[in-house]
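Morning, everyone. Let me put the structure up, and then we will walk through it chain by chain.

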Amino acid sequence: MIDAIAPFLAATIRTATPLALAALGEVLVERTGLINIGLEGAVLAGAFGALAGATAGGVAGGYAGAVFGGLLIGALFAFCVLVLRADQIITGMALTLLTVGATGTLYRALYGASGAALHAPTSGPWAVPGLVSIPVIGQALFDQPVITYVTYLLAPALAWWMARTHAGLALRAIGERPDAAAAAGISVAGVRAIAVLVGGALGGLAGGTLVLAQAGTFVENMSAGRGFIALAIVVLGRWRPLGVALGALVFGAASALQFAFQAMGWGAPYQIFLAAPYLLTLAALAGAMGRARAPASLGKPP
Amino acid sequence: MRVSSGAVSSALVALGGVLAIIGVIALLLFAGGYDVARALDALWTGSVGSWYSLTSATLVRAVPLMLTGCAIAVAFRAGVWNIGAEGQLLAGGAGATAIALTMPTAGIPALVLALAAGAAAGAAWAGIAAVLRERFGVLEVISTIMLNFVALYAVSFLVRGPLQEPTHAYPQSASIADAVHLARIPGAGRLHAGIIVAIVIVLAAGWVMRHTASGFRLMAVGENPAAAASAGMIDVRRVTSLAFMTSGALAGLAGAIEVLGVTFALYEDLSPGYGYTAIAVALLAGLDPWRVVLTSLLFAALEAGAGAMQRDAGVPSTLVAVIEALLILGVVAAQAIRVRRVSVLTDGDAPQEGLA
């Protein structure tokens, strides 16, 4: 049994990392009162940017490309919603569609319609000296790609920043009472724009993780709804960074269970395992919504 | 025959819109380094340039787009963000297949029953999201997207499990008997009677929205739920749930018609994303079912032409998704700017009147 725990934990962390990155970015966005459904597009743009960057400049180039891809989607969202005042939900959906089309078109145009398996360099695991030798969990938690450690640190750092700094307070104030925040001299549109850009960049980083730390290649639509699941995780985590990190771990564990069940030869149809993350999202949202309280201005026109 | 100036101007706007779309496509093709003339020629011949492509490619695709586009229009008008037409279409296809394969009788009654089963399955699939929204406050944007993925895997399971064809060799259902097919329209290639069903239903939906009390309630709730509730007589939850399930039924019917008129069996890839294209169809139509008839033709022609561009000029067919997204963004941005201009005018006027 102990033998099964370490691979299970490792799989949990691997699946949870991109979800946590995307969801942490969306926490910032939603705490200012906006909802970016285009997060799915940011993840996909990040994955494509990672491929393009990595073929030019290795793993570092890949992460730069991923952040750029996500930033681009964030910038488009900010422009449409904050400058043109277009509807948030429709803009987000359209940006996701735009990314599906644009990455598919660019991929086929640049790398051939057949989609022959293209290899991007990947960042291998880096064992944290000392911590990796903790029994049972050490290998699983501390022999991971560097981006995973970045995520470990990002969640508490964001939690501290939001709770303890002036800028974090301004961010939360905008989500609750944008008019009062504006009256207090806070640039509501400015803070929202920065939050959307950072949210897009983290979504892109999540997509980059898929390519550079996991798959080692790009596949059309490889985000496969992770951006949408991250949106649900924000609700589950009650719009708090540490809650969101925990939510991502729960999702990672649920996905890791499918490997465990399959390895045990459980005779259920495999589609149940594939559908599990989406079903889990629905069940968890139904359970969580009653008790969670969203930022007061969430989803209202800016 | 008198033609109102409104009709002339909207025809001009439509023509300008189509020209603008072709212009954007040409620009993107040029930027991508493709042979623009050859690609546009393929777009034309593959969509409306021949009788065969017009009927068998464009009009056949217009049927599901018309119904799912109408589904989105009904939901969005009621303030319900149903992104789940794709999953509801799949549920409808599965429901219709199950009934069509097990019917002891054949002919018109069986056909009608299979279509009704598709609509019911679509409504039920939307109903899950409606219940989650009304009872648990779950955002339908997220729940319907999740249900799209679940529907895809459910169909994948069905065509490899309970509904798989008898030899168990292929991931598809058994073929539906000829007697339960929607009839082909004579002289029109693969075009089938489903287009008549679709046009009649979409026109009826538009009439209900414009001329009945239910339609008025639906739009009142969509415009301002709080005002609709406080005006009395309107049960907001009832109206939104009803709109949600009607929307699901329309999308489910689209799936049933695909199965009974085009594929004659249930497949995993029953829909190439009709439920998502439907969002662009509905928004470009200003969420008006009657205009959905026209915009569904436009998008059907685009998608049919995109297939031809890929075959004949090597242009990735995913380019259509880019065009659709740009159109959606253009429409919502234009609407937002128009609304803002009006509100700026009224905001500016009001205090002056008060001061005078």
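Start with chain A: eleven helices and two strands. Bear in mind throughout that this is a predicted model. Reading from the N terminus, the order is α-α-α-β-α-β-α-α-α-α-α-α-α. So the two strands come with one helix between them.

How does the radius of gyration of chain A fit a compact globule? A compact globule of 302 residues would come out near 19 Å, and chain A has 19 Å, so the two agree. Its C-alpha atoms fill a box of roughly 60 × 45 × 40 Å along the principal axes. Half the chain is inside: buried residues are 50% of the 302. Now the contacts in chain A between residues at least 6 apart in sequence. Of these, 78% join residues at least 24 apart.

Three spots in chain A, please.

First spot, Arg85(A). Find Arg85(A) in the loop between H2 and helix H3 (88-111) of chain A. Arg85(A) is not a glycine, yet its phi is positive, about 60 degrees. For background, most residues other than glycine have a negative phi. Is Arg85(A) buried or partly exposed? It has 18 C-beta neighbours inside 10 Å, so it counts as partly exposed. The cut-off for buried is 20 or more.

Next, Asn221(A). This one sits in the loop between H8 and helix H9 (226-236) of chain A. Again we have a non-glycine with a positive phi of about 60 degrees. Asn221(A) has 14 C-beta neighbours inside 10 Å, and therefore counts as partly exposed.

Then Ala215(A), in helix H8 (residues 188-215) of chain A. With 17 C-beta neighbours inside 10 Å, Ala215(A) is partly exposed. What does Ala215(A) contact, once neighbours within four places in sequence are left aside? Leu210(A) and Met222(A). Also look across to Pro121(A). Ala215(A) and Pro121(A) are 94 residues apart along the chain, but their C-alpha atoms are separated by 9.9 Å.

Over to chain B. Here we have 13 helices and zero strands. The element string is plain: α-α-α-α-α-α-α-α-α-α-α-α-α. For 356 residues, a compact globule would have a radius of gyration near 21 Å; chain B has 22 Å, which agrees. The box for its C-alpha atoms is roughly 85 × 55 × 45 Å, along the principal axes. Of its 356 residues, 52% count as buried. For contacts in chain B between residues at least 6 apart in sequence, 76% join residues at least 24 apart.

One helix deserves a check: H10 of chain B, residues 236-263. Does the length add up, and what span should we expect? At 1.5 Å a residue, its 28 residues should span 40 Å, and the end C-alpha atoms are 39 Å apart, so the numbers agree. Of those 28 residues, 21 are buried, so H10(B) is largely enclosed by the rest of the structure. Just after H10(B) comes Phe264(B), with a positive phi of about 60 degrees.

Now stay in chain B and go to Ile72(B), in helix H3 (residues 51-77). Ile72(B) has 30 C-beta neighbours inside 10 Å, so it counts as buried. Skip its neighbours within four places in sequence. The contacts of Ile72(B) are then Asn82(B), Ala85(B), Ala278(B), Ile279(B) and Ala282(B). Its C-alpha atom is separated by 10.0 Å from that of Ala243(B), 171 residues away along the chain.

Follow that last contact to Ala282(B). With the same sequence neighbours left aside, Ala282(B) touches Ile72(B) along with Gly69(B), Ala73(B), Phe76(B), Leu287(B) and Val292(B).

That brings us to the core. The largest nonpolar core has 220 residues. Ala282(B) is among those with the most contacts inside it, with Ala23(A), Ile233(A), Leu67(B), Ala114(B) and Leu260(B). Which element gives the largest share of this core? Helix H2 (residues 39-83) of chain A, with 23 residues.

Last item, where the chains meet. The contact takes 36 residues from chain B and 37 residues from chain A. On the chain B side, helices H5 (108-136), H6 (140-158), H11 (274-284) and H13 (319-355) each give two or more residues. H13(B) gives the largest share, 13 residues. By type, the chain B side divides into 28 nonpolar, six polar and two charged.

That is the tour. Over to you.

Definitions and conventions: Residues are numbered from 1 along each chain as its sequence is written. Chains are lettered from A and ligands numbered from 1 in the order in which they are written. This is a predicted model: local features need pLDDT of at least 70, side-chain atom pairs count only at pLDDT 80 or more; totals for chains, interfaces and linings use all residues. Helices (H or I, at least four residues) and strands (E, at least two) are DSSP runs, numbered from the N terminus. The expected span of a helix is 1.5 Å times one less than its number of residues. A residue is buried if 20 or more other C-beta atoms lie within 10 Å of its own, exposed if 12 or fewer, and partly exposed in between; C-beta atoms are placed from the backbone. The radius of gyration is taken over C-alpha atoms; the globule rule is 2.2 Å times the number of residues to the power 0.38. Two residues are in contact if their C-beta atoms, placed from the backbone, lie within 7 Å. Ala, Val, Leu, Ile, Met, Phe, Trp, Tyr, Cys and Pro count as nonpolar, Asp, Glu, Lys and Arg as charged, and the others, Gly among them, as polar. A nonpolar core is a set of buried Ala, Val, Leu, Ile, Met, Phe, Trp, Tyr and Cys residues joined through C-beta atoms within 7 Å.
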